[in-house]
Every structure is written in C-alpha cells, then in structure tokens.
Amino acid sequence: MNEAVQKERSLISKEIFGKVITALGKEKENIVVCDTDLMRCFGTKAFSEQFPSRHINFGIAEQNCMAAAAGLALSGKNVFASSFANFASKRACDQVSIAVAYNRANVKVCGLYAGLTAEKNGGTHIGVEDVALMRSIPDLCVIEPADTYELEAVTRFLAEYEGPVYFRQPKMYIRSVYEEVPDFELGKGVTLRGGSDAAVIACGITAGIAVDAAQLLQKEGIDVRVINMPTIKPLDEEIIREAAVQTGHIVTCENHSVIGGLGSAAAEVLAGMKEKAVLHRIGIRDTFGVTASLDYQLKKNGLTAENIAAEIKGMLAD
C-alpha cells in the first residue's frame, strides 16, 4: 500500500463513521441516530449538532435504545442505534431479537469497540460473543468491515438498505486493507490476494493481519490466499467451498471467540461438503478479554501475522 495514503486515512472508526453519517444525514432525512451516551465513541457529535431533531441520546439505557429504535424504524425511519458491542448484543439481546429482528425493523444495531479493541475498558466491556449471538437471530444480517475504507462503503450501503443489521465496528484498525472505498455487496467475500497452498478467511481488523501473514509466507515460497469476509451473515458459502477445494487448507481469523463466530460459520459450510479440507480457527479461545492494550491482547490470543504464518506452516507440514 502507498504509505502516504496509509498515513492520510484515519484508522479510527468513529472519525470516518461520524463524517460519513453526517454527510448522509444531509442527503437522507429519514436517517436517525440513537446513542447510549457514546457520542464520543460513535463519532456522532456533529450529527447531533446538525440534526438535533433526528438524534436521541438515551443515556446508559441500551434496552430502551434498541426498543425505541425499532419503533422509530417502524414509523419510516432508518435508524443507526449504538452501544458497546458487548452491551448491544447481550444487555439488549431481547430487544434486538424481538423489537428489531422479529419485526424486520429498519435498524442498524452498531456494536462499538468490538472485541479486543475495547482494550483498557476491561473485560466487562470486551465483547467476544457478540457475533455468535447476533448471527443466531433470524433475519438479522451481521457485517464487520476490514478497514475504514470498507466501513465507509458499508455505512453508505446501509443508508440505502432496508432491514435489520448488526454493524460491528472496532475502536480502531491496525492498518488499511484497501486504498480507496471499495464496492460493497451484501453476502459476498472478497479475495484480497490469490494463493493455492492455503486460504485465510478473515474479517474486521484481522483481515489486515492475514494479509501480512501471507506476505511473510510468500518469502518462503508458500502461496496463501486471503479472503476478506465482511458479511458474516449471510455468509458467502461459495467462496469458502472454492477455497477449500482449491487449497485443501483453511484458516479462519477473527477478533472474536472461536465459538460461534466466523470460524464456526466456516466450519458449518465445510461440514456439508463432500470434499474434505483441514480447518484451523484462530481467535479468542473460550476466555474473556483482559484490561490491556490491543497489541498485548492480540499477541496473547495468537492474532498476529507471525502466529498465523506458523499455523499455516504447521498445517502444510502435517
């Protein structure tokens, strides 16, 4: 990637989301933002100032926020409702399931500071089960962009999309994956680089880590495909099957528990295939997050380019 582009583009989610949602608010009068006292985390301060009648701060009342968001949506609004990913998925799970998804209400449930990026907010705020919970809810899409370019693409898509979505956003990204805002298509994975020896399927902040791992292995003559899976539900099953048949070795990588997330979704696809492929899942191993920096937690959970590369080499050696 061009270094100048990398430095110019912010890696902080709220800085990009805030600008985009405010710009969209000028174009689309049906957009409403519901906050839970997290304007600084969501980047929606400017939206609240420009469109005070279309911004509601519910305070620390996540259940009320999601239930009211469903009501606003059923009255014709396109609602972006936020909380920390941990609280949007667990504390407000019933409201997201019944008020939002059951009614197919046009609510974009935005889970902020997703996974380990909650960092020093501590284990109570680090949500490692949210994808597992949200993808189990009928009629609810689950989307997690790979960088701020894709986050912008997804935000613009959701301003047009009609229906309930869980929009997973980290506090920050480690690196950019794209050099410009890509086209986003719901339910489609994106091959970031080709390869025939193995395939890494990643989402969110781990997509960039997966690219770095493939580059490390390329120096050793190992050809690794990298697939970005921004839509975890509906899942692009075809791209997984194709990678399994063509490489025989699949690694999933996610900023989430290995139970119920992207790795489990991929396993469900592979289990239904006649052709057999080896699957290794890299993520948080049945444990809570800790109060520590993102860098420390990524290393602790093996979410590094070096560990992914080592995992792939081990698979190929077996």
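**Exercise 1: a charged patch**

Task: In this predicted model, find which residues form a negative surface patch.

Solution: Start by looking for acidic side chains, since Asp and Glu count as negative. The patch is made up of Glu179, Glu180, Asp183 and Glu185. Now place one of them: Glu185 sits in the loop between strand 6 (165–168) and strand 7 (190–193).

**Exercise 2: a salt bridge**

Task: Find the side chain that meets Asp139 in a salt bridge, and say where the two partners lie.

Solution: Begin with the general idea that side chains of opposite charge can pair when their charged atoms come close. Here the partner of Asp139 is Arg104, with 4.0 Å from N to O. Next, locate both ends. Asp139 belongs to the loop between helix 8 (130–135) and strand 5 (141–143), while Arg104 belongs to the loop between helix 7 (93–101) and strand 4 (107–112). The partners are 35 residues apart, so this salt bridge, defined by a 4 Å cut-off, links distant parts of the chain. In total, the model has 15 salt bridges.

**Exercise 3: unusual backbone**

Task: What is the phi of Arg104, and which residues does a cis peptide bond join?

Solution: First recall that most residues other than glycine have a negative phi, and most peptide bonds are trans. Arg104 is not a glycine, yet its phi is positive, about 50°. The cis peptide bond joins Lys233 and Pro234, with omega about 0°. Finally, find Pro234 in the loop between strand 10 (231–233) and helix 11 (237–247).

Key:
Residues numbered from 1 in each chain as written. Predicted model: local features only at pLDDT ≥ 70, side-chain atom pairs only at ≥ 80, totals over all residues. Heavy atoms only, no water. Patch = residues over 30% accessible without salt bridge, like charges linked within 9 Å, V, L, I, M, F, W, Y side chains within 5 Å. Areas by Shrake-Rupley, 256 points an atom, 1.4 Å probe, with all protein chains shown as cover. Charge placed at Lys NZ, Arg CZ, Asp CG, Glu CD. Helix = DSSP H or I, 4+ residues; strand = E, 2+ residues; numbered from the N terminus.
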